[in-house]
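Q: Could you take me through one part of this model closely, and then show me what surrounds it? I'd enjoy a connected account rather than a list.

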Amino acid sequence: MNINMTLIGQTIAFAIFVWFCIKYVWPPISNALHERQKKIADGLDAASRATRDLELAQERAEQTLRESKEQASQILEQANKRSAQMIEEAREQARAEGERLMASARSEIELEVNRAKEELRAQVSHLAIVGAERVLEASVDEKAHRELLDKLAAEL
Amino acid sequence: MAAGNEVSTTYYIQHHLQNLTFGKHPINGWSIADSAEEAREMGFWAIHLDTMGWSIAMGLLFIWLFRKAGKMATTGVPGGLQNAVEMVVEFIENLTRSTFHGRNPHIAPLALTLFVWILLMNSLKIIPVDFGPVLFAKLGVDYMKIVPTTDVNATLGMALGVFILILYYNIKVKGAGGFARELSLTPFNHWALIPFNLVLEVVSLLVKPFSLAMRLFGNMFAGEVIFILIAMLPFWAIWVLDVPWAIFHILVVTLQAFIFTVLTVVYLSAAHEHH
């Protein structure tokens, strides 16, 4: 083991290899490594963001569903109420109409009856008069008995 | 055991621990050393061809593999090679982030280079010790030590590079004055203790690269020697020891590369810190 020029040669070789490594070997590998690191980090980031988005969307969907369900039940309830109300109204109306009809029919009947009575009375009195006239012929003073006959007719 | 056997054993060990040296021999001129003595006689102006060759080959393998992965790198799903490379890169990045407290984009690539390069060089150790020397002897090359980190020049060379970076960043971050102040006024902030502080700080500064180099070299060299000793056992007994030792070395190889890298990052982190 004698020290000689090899020492210097080795130092020079060392310097050249280090220089070459600094200049041409390290940068591309290191860059690729860091870029890939960044890419992977970005990917993971995006994945976690997507998961969060998904969670959010699910939550929103659930909420929307819940809301719409609520709305639907509300609408249904409203409709039920409204239909009940309508039925009630219709019933009321029908009843009122029926009553009105019945009343008018009754009054008409009454009117008719009255008229018939009146007519009947008139005719009866007339018939009575005619009858009496026939029976009595001119012996009866129409004027004198009119009052009596009217009274008789009113009693009918 | 006969004397001849002992000689051949010593020769075997020495042969396996001898680098292929090219240098200026006082007599033969610029040539490849034929023996350990010749290599020693060449002194400082010599170079270990096997250490340089294998370390550069491993460095190029690292550069090629990682550059290829870098070119293919996409932000999509990574393939096999890219996955492996990215695992290492990420490991180094985390290590740097947890250990280095300054702000310097060059530290992580530096640590990556050191870690993978040393790991690859150390991994050559898993190749059986005889393969290199025997194969290259067939090709006419006398010596071949294929694990560069068992050569103290290689580890010390890398540590020297780290040391230069420590000095550079100390001066760059704290300024020359700030660095000098740190060397002379810590740990005792009193003018009378400046020489004492200087000795203390300079020693601790110098120890850093030296311990880096020696730890790696020591572990690898010792492991190599054990491998060589095991290889000299009778052929039917080799695997009994060789296999556990090799499996253990998978751990050592990784651990030593890791320790070298971590300590480098720690030292450079300290260089970036103000006191």
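A: Happily! Let's start with residues 44-96 of chain A, which UniProt lists, in an unreviewed entry, as "coiled-coil region". In this predicted model, that span is 100% helix and 0% strand, with its end C-alpha atoms 76 Å apart. A second stretch of chain A also carries an annotation: the unreviewed UniProt entry gives "transmembrane region" for residues 7-26 of chain A. The model makes residues 7-26 of chain A 100% helix and 0% strand too, and their end C-alpha atoms are 26 Å apart.

Now for the helix itself. Helix α1(A) runs over residues 6-136 and has 131 residues. From its first C-alpha to its last, α1(A) reaches 185 Å, close to the 195 Å expected at 1.5 Å a residue. There is nevertheless a bend of about 45° in α1(A), at Cys21(A). At the other end, α1(A) is followed by Glu137(A), which has a positive phi, near 50°.

What does chain A touch? The contact between the chains takes 29 residues from chain A and 42 residues from chain B. On the chain B side, α2 (36-41), β3 (46-48), α3 (49-72), α4, α5 (107-123) and α7 each supply at least two residues. The largest share of that side comes from α3(B), with eleven residues. By class, the residues of chain B that touch chain A are 23 nonpolar, 13 polar and six charged.

It helps to see the chain behind that surface. Chain B has nine helices and three strands, running α-β-β-α-β-α-α-α-α-α-α-α from the N terminus. Its C-alpha trace spans about 65 × 60 × 40 Å along the principal axes.

Two of the helices of chain B that supply contact residues are worth following further. One is α7(B), residues 152-185: it has 34 residues, yet its end C-alpha atoms are only 34 Å apart, short of the 50 Å that a straight helix would reach at 1.5 Å a residue. A kink of about 105°, centred on Gly175(B), is found in α7(B).

The other is α4(B), residues 80-99, whose axis comes within 10 Å of that of α9(B), residues 235-271, with a crossing angle of roughly 35°. The crossing of α4(B) and α9(B) is right-handed. On the α4(B) side, the contact is made by Leu95(B), Thr96(B) and Thr99(B), and on the α9(B) side by Val262(B), Val265(B), Val266(B) and Ser269(B). That gives four nonpolar, three polar and no charged residues in the contact of α4(B) with α9(B). By contrast, the side of chain B that touches chain A does include six charged residues.

How values were computed
Residues are numbered from 1 along each chain as its sequence is written. Chains are lettered from A and ligands numbered from 1 in the order in which they are written. This is a predicted model: local features need pLDDT of at least 70, side-chain atom pairs count only at pLDDT 80 or more; totals for chains, interfaces and linings use all residues. Helices (H or I, at least four residues) and strands (E, at least two) are DSSP runs, numbered from the N terminus. The expected span of a helix is 1.5 Å times one less than its number of residues. The bend at a residue is the angle between axes fitted to the seven residues ending there and the seven starting there. Axes are lines fitted to C-alpha atoms, for helices over the stretch in contact, and angles run from 0 to 180 degrees between N-to-C directions. A crossing is left-handed if the near helix is turned anticlockwise from the far one by less than a right angle, and right-handed if clockwise. Two residues are in contact if their C-beta atoms, placed from the backbone, lie within 7 Å. Ala, Val, Leu, Ile, Met, Phe, Trp, Tyr, Cys and Pro count as nonpolar, Asp, Glu, Lys and Arg as charged, and the others, Gly among them, as polar. UniProt positions are given in the numbering used here, feature names are shortened, and annotations may be inferred rather than shown by experiment.
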